[in-house]
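Biologist: I'm new to this, so could you show me how to read pockets and cysteines in a structure?

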Amino acid sequence: MNRTRFRTQFCFIAPASLLNRYASHSRTHLVLPQIENPQYVEFYQRKRREGDFIILDNGAYELKNSVSTLDIHLAIDKYKPQVCALPDYLLQDGEKTFEAAKLFLLRSRDLYPNVKWMYIPQSAPGDVKSWYRWLWTGVKELGVDWVGIPRALATDISVGPNAWLERANAVEQLTMRGIKTHCLGMVDGNLKELEMLFWEGACSVDNSSPIWRGVNGCYLDHPNASAIWQKAGKPVDFDWNGKTGDAADPYLDSIVKHNMNLVLTTLGQPRI
């Protein structure tokens, strides 16, 4: 099979105070509906008015459950996304996510005719066969244009030394069928996996590692990057109020830009 380079977009996730400085380097964004920081909301509303591509997440990864149907509707009204994630239940039985997505579409599809919907298949840990079963069931019965590939497919659902390649395998199969894919997160900042997703045709990938690890002094390509972050890392603080703009720490700023350039180079895009 001949490989064709697709222009995979990267959604740089960052604290609200760093969005203008760093996330503006992308024209595709993943927006979290549960973040109420005014600076965060204003940034993505402005980016949508400027014509950027907005994918609205459902909050399931951070909150362990998707936000309510009402909250997703409110977020759609607020951000006017081109794509919206359907509800999913991380690492739970795939049928539960499928039925939730089906019910959500029944209540919402006609209300938002201009929104494309993204189905995110799930399954219990170690049950990759079930994940694919519910993937194809959803593609067939839900009539979605997008599929979200969860990081858990590579970290918990698929097992063995090559588990990190499973998302690229799923992307390839979906791309060949004309289904667009967004990969939710990176696997521990793994640039090799990112390159595979690029080659197999992922439309977009999101992650906080380039920026958030950078402002915490961590390089993505350090030989012990994974071990260092597992020991000292912490979840993104979207209200982080460290020095920004002209007052940004030059050393940390250089690490962030180094990390961002690693990602952009991997995806065949111009460096910043």
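Modeller: Let's go through the pockets, then the cysteines, keeping in mind that this model is predicted.

Biologist: How do I find where empty space is left?

Modeller: Rolling a probe the size of a water molecule over the atoms shows you that. In this structure, the largest pocket holds about 930 Å³ of space.

Biologist: Which residues lie nearest the centre of the largest pocket?

Modeller: Look for Tyr 61, Glu 62, Arg 151, Asn 207 and Ser 208, out of 38 residues that line the pocket. Several elements chip in with at least two lining residues each: helices H3 (60-63), H7 (152-157) and H10 (209-215), plus strand S8 (204-207).

Biologist: How many residues of that lining are nonpolar, polar or charged?

Modeller: You get 18 nonpolar, ten polar and ten charged residues in the lining of the largest pocket.

Biologist: And what about the second largest pocket?

Modeller: That pocket has about 180 Å³ of space. Its lining is made of 13 residues, with Asp 188, Gly 189, Asn 190, Leu 220 and Ser 226 nearest the centre. Five of the lining residues are nonpolar, five polar and three charged.

Biologist: Now the cysteines: how many disulfides are there in the whole structure?

Modeller: Zero turn up in the search. Take Cys 11: the nearest cysteine sulfur belongs to Cys 183 and is 11 Å away. A disulfide needs the two sulfurs within 2.5 Å, so Cys 11 is in none.

Biologist: Is Cys 11 buried or exposed?

Modeller: Buried, because its relative accessible area is 1%, and the cut-off for buried is under 20%. Cys 218 counts as buried too, at 13% relative accessibility.

How values were computed: Residues numbered from 1 in each chain as written. Predicted model: local features only at pLDDT ≥ 70, side-chain atom pairs only at ≥ 80, totals over all residues. Heavy atoms only, no water. Buried < 20%, exposed > 50% of the residue type's maximum accessible area, 1.4 Å probe, protein only. 1 Å grid on protein atoms, 1.4 Å probe; cavity = no way out; pocket = protein on both sides within 12 Å on 5 of 7 lines; lining within 4 Å. Points joined across faces, edges and corners; volume = space filled by probe spheres on them. Helix = DSSP H or I, 4+ residues; strand = E, 2+ residues; numbered from the N terminus. Nonpolar A, V, L, I, M, F, W, Y, C, P; charged D, E, K, R; others polar.
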